[in-house]
Amino acid sequence: MSFETELSKGKFSIPECLTCKKIIWPPSEFCDNCNGETSLKKGEFEGKIIEFSRQDKNYFCMVEFFDSIRLIAKMTTNPKKDQIVKISKCGITNGNYFFEII
Amino acid sequence: MQKVGIIAHGIIPFTKEDHKIESILHKSTNDLFQKNTNIDKKGIDAVLVSTNNNSKYLSPVLSEMVGIQPKIAHSIESLCNSGTNSIVSAYSYISSGLADMVLVSGAERYDSPGQILEWDNSRGEFKHPIFWASIFSKSYKRKFGISDEQLALVSVKNHKQAKENPNAISKKTYTVKDVINSKKLTDDLRLLDCSRPCTGSASVLLASEEMAKKYTDMPIWITGIGQKTTSAGFTKNTSLASMESTKIAGQSALKMSNHTVSDIDVAEVHDAFSVCEPMALESIGFTNPGKGMSMVKELHDTNNFKINPRGGLIGTGHPLGATGISQTIEIVQQIQKTAGNRQTDNANVGLVHNMSAASTSSTVLVLER
C-alpha cells in the first residue's frame, strides 16, 4: 500500500517513519532521517492555510499539516490566512496529484 | 587553487523563434570564436553544455560541430541555474588542474521541458511557475505592505534597461499602468510581471591564469562562488518572502572573494518574476528586508543601471540553460567597460545571482578584474 495507491482512491494519508516516527514529505518509502521504512497514517487531518492566491474563480492555497507537510490545494470559497481546513477531495490525474480543501 | 578567468564570450539575440538546439549552441559558440580568432581550439580541454533540452549527447555534438576534441565533454542540467552551475563546474575543472581551458555553452528553446518541475507533486495541480510566483508575491506584499503598483516598477525598470540590450527579446518600454493592465494571470501576477521562456544561447570560455594571460590582457576573474540547495520542492521553502538559498550562497560568494556587498558595483539578479528582484536584493544584502522596492525605485528614478543592466530575465527573456551564462557575460562586459549604452559607472566588482525552482537552489558569483 503506497501513498499514491491511496491517493488514487481519493484518500489522503500521512507517510510516517516506522522507526523514528518522522513525518516524511514528499511521500517516500524510506525515511530521510534514519533511512527506515515508512507506513501510512490514515484519518481526517486538519491543516492551516499559510498563503493563497486566486486564478479565475478558484483559489490555490499553501496548506500545512503537522508543521511538516506543505502542499498546494484548490479552494472554491474565499480563504483566510491561518484558516483551519480539511482535504475534501484528492487524487491523481494525468500523473499529477490534486488536492481540494474546505 | 589556481585563478580562473573568463577570457571570451559569445551570444545570440534571444527570440521566440523555433530553432534547433544544436544550431543555437553552434551559433553562440561560433560568435565567441569569431570575436577571438587568436584562440587555439586544441587547447580546450573540456566542453560543458548547459541545457534542460531533451536532445542527447549535446556536448560531444557541439564539440564536433566546432572542431574540438576535448578530454571532458558533458551536459549540465539544473533548471534555471544550469548556466552558473556549468560555470562553477568549469571553474572546478580548471582550479583542480584537470583542465586549462573550458568552453561553457548554454542554450534553450522556447518550449523547454525545464519550465515545469514534474516531480514536485506537493504543488498539486499548480505546477506552473506562475503559481509559486503568485504565492511569493502575495506573501511579500502582505509582509512588507507592498502594492501591485510598486512591484510593477521592477518590470518597468527592466524593460527600459533591456531596450539598450541588442540581444534582449523585449524592444518596448512600459509604464506601471501598462504592467497593471496587462493580462491578469492570477490575483497577484500580471503577464508583464513575468520573464518569457524563449530561444537563446550564450557561451563563455574560462581559462587558468597562465592560459588567460596568453590570450587576453583583460581577463575577468571569478573570485567568489557560493551555492546552496535547500530542497527541490517549492513548498519546502521556510520563508515565502525571502530567498534562503540565495542568502547563504551570497554570503559564501562574498566571503570567498573577500568583499562585502557594498563593494559590488553592478549585479545581475534572477528576476524570473517582478517579486524576485526585491527578494533577491534583500537576501543578498544590498538592502534590508522589505526595502527592496525602495532600492528599485531609486535606481529607476535616477536611471541607474546598477541592477540588471541588460534588462534582467524580464526584459531579456529567459532561455533557462543560457540565462546564467548571459548574466555572466553582462557582468564581464560591465567590468571590461564594453557594455555600450548600458554601461554603469565605475564597474570594477560585479555579482551574478542565478536561481532555480522558486529559489530552492541558488548560485552567486563574484567577478572582477
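User: Why are α5(B) and α10(B) called oblique to each other?
Analyst: Their axes, which are lines fitted to C-alpha atoms over the stretch in contact, with angles running from 0 to 180 degrees between N-to-C directions, cross at roughly 40 degrees. Angles under 35 degrees count as roughly parallel, over 145 as roughly antiparallel, 65 to 115 as roughly perpendicular, and the rest as oblique. The crossing of roughly 40 degrees falls in none of the named ranges, and α5(B) and α10(B) are therefore oblique. The axes come within 9 Å.

User: Where do these helices and numbers come from?
Analyst: This is a predicted model, in which local features need pLDDT of at least 70 and side-chain atom pairs count only at pLDDT 80 or more, while totals for chains, interfaces and linings use all residues. Residues are numbered from 1 along each chain as its sequence is written, chains are lettered from A and ligands numbered from 1 in the order in which they are written. Helices (H or I, at least four residues) and strands (E, at least two) are DSSP runs, numbered from the N terminus. Here α5 of chain B covers residues 148–162 and α10 of chain B covers residues 292–301.

User: Which residues of α5(B) and α10(B) meet?
Analyst: Gln150(B), Leu151(B), Leu153(B), Val154(B), Val156(B) and Lys157(B) of α5(B) meet Met293(B), Val296(B), Lys297(B), Leu299(B) and His300(B) of α10(B); contact means C-beta atoms, placed from the backbone, within 7 Å. The contact has seven nonpolar, two polar and two charged residues. Ala, Val, Leu, Ile, Met, Phe, Trp, Tyr, Cys and Pro count as nonpolar, Asp, Glu, Lys and Arg as charged, and the others, Gly among them, as polar.

User: What relation do α8(B) and α9(B) have to each other?
Analyst: Helix α8 (residues 244–257) and helix α9 (residues 276–284) of chain B pack at about 45 degrees, with axes 8 Å apart, and are therefore oblique as well. Thr246(B), Lys247(B) and Gly250(B) of α8(B) meet Ala280(B), Ser283(B) and Ile284(B) of α9(B). That contact has two nonpolar, three polar and one charged residues.

User: Is Gly95(A) buried or exposed, and how do you know?
Analyst: Gly95(A) has 8 other C-beta atoms within 10 Å. A residue is exposed with 12 or fewer such atoms within 10 Å of its own C-beta, buried with 20 or more, and partly exposed in between, so Gly95(A) is exposed. Gly95(A) lies in the loop between β6 (84–93) and β7 of chain A.

User: What makes Arg369(B) partly exposed?
Analyst: Arg369(B) has 15 other C-beta atoms within 10 Å, and is therefore partly exposed. Arg369(B) is in the segment after β11 (361–368) of chain B. Leaving out residues up to four places away in sequence, Arg369(B) touches Ile220(B), Ile335(B) and Asn348(B).

User: How many residues are in the largest nonpolar core?
Analyst: The largest nonpolar core has 131 residues; a nonpolar core is a set of buried Ala, Val, Leu, Ile, Met, Phe, Trp, Tyr and Cys residues joined through C-beta atoms within 7 Å. Those with the most contacts inside it include Cys61(A) and Leu205(B). Beyond its neighbours within four places in sequence, Leu205(B) is in contact with Ile7(B), Ala8(B), Leu32(B), Ile39(B), Met101(B) and Leu103(B).

User: How many residues of chain A are in contact with chain B?
Analyst: Chain A has 16 residues in contact with 18 residues of chain B. On this side of chain A, β3(A) gives the most, with five residues.

Conventions: Two residues are in contact if their C-beta atoms, placed from the backbone, lie within 7 Å.
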